[in-house]
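Subject: Structure handover

Hi,

Here is the structure I promised to pass on. Please open it and keep it beside you while you read the notes below.

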Amino acid sequence: MKNLKMKLARVEADMSQEDLANAVGVTRQTIGLIEAGGYNPTLNLCVAICKTLDKTLNDLFWEEGV
């Protein structure tokens with residue numbers, strides 16, 4: 001499942017995939033895969049992404065209606 005919430009938050013923060021990747025210590029490809037739904041990130045990576053984008057885990061990673 002695509003993570004459009006994360007992509008939107010990243011764009012709103014005026015960050016490229018490369019910017020976010022550098023901020024959290026992963027590759028740009030990893031960020032792209034998370035946004036495309038092709039990679040399930042660890043909790044530590046989720047937390048790092050949330051802190052960088054000033055969002056909560058619920059904001060970015062909770063699926064509605066689960």
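The largest nonpolar core in this predicted model has 13 residues. Seven of them are named for having the most contacts inside the core: Met6, Leu20, Val24, Ile31, Ile49, Leu53 and Leu60. Four elements give two or more residues each: H1, helix H2 (17-24), H3 and H4. H4 gives the most, with four residues. As background, nonpolar side chains in soluble globular proteins tend to be buried together.

Try leucine 20 as a way in. Which residues does leucine 20 touch, leaving out those up to four places away in sequence? They are Met6, Arg10, Met15, Ile31, Ile49, Thr52 and Leu53. Met6, Ile31, Ile49 and Leu53 also appear among the core residues with the most contacts.

Now the charged pair. Arg10, a contact of leucine 20, has a salt bridge with glutamate 35. The N to O distance is 2.6 Å. The pair links distant parts of the chain, with the two residues 25 apart. Glutamate 35 sits in helix H3 (residues 28-36), and arginine 10 in helix H1 (residues 4-12). Buried or exposed? Both glutamate 35 and arginine 10 are buried. The structure holds one salt bridge. In general, side chains of opposite charge can pair when their charged atoms come close.

Next, the cysteines. How many disulfides are there? The count is zero. Cysteine 46 is in no disulfide, and the nearest cysteine sulfur to it belongs to cysteine 50. Why do cysteine 46 and cysteine 50 not bond? Their sulfurs are 6.6 Å apart, too far for a bond. The cut-off is 2.5 Å. Both residues count as buried because buried means under 20% relative accessible area: cysteine 46 has 8%, and cysteine 50 has 3%.

Last, look at asparagine 44. Asparagine 44 lies in helix H4 (residues 43-53). Is asparagine 44 buried or exposed? Asparagine 44 is exposed, because its relative accessible area is 66% and exposed means over 50%. For a sense of distance, pick alanine 9 as well. Asparagine 44 and alanine 9 are 35 residues apart along the chain. Their C-alpha atoms are separated by 18 Å.

Start with leucine 20 and its contacts, then go on to the salt bridge between glutamate 35 and arginine 10.

Best wishes

Note on methods: Residues are numbered from 1 along each chain as its sequence is written. This is a predicted model: local features need pLDDT of at least 70, side-chain atom pairs count only at pLDDT 80 or more; totals for chains, interfaces and linings use all residues. Side-chain values use heavy atoms; hydrogens and water are left out. Buried means under 20% relative accessible area, exposed over 50%, partly exposed in between (1.4 Å probe, protein chains only). A salt bridge is a side-chain nitrogen of Lys or Arg within 4 Å of a carboxyl oxygen of Asp or Glu. A nonpolar core is a set of buried Ala, Val, Leu, Ile, Met, Phe, Trp, Tyr and Cys residues joined through side-chain atoms within 4.5 Å. Contact means heavy atoms within 4.5 Å.
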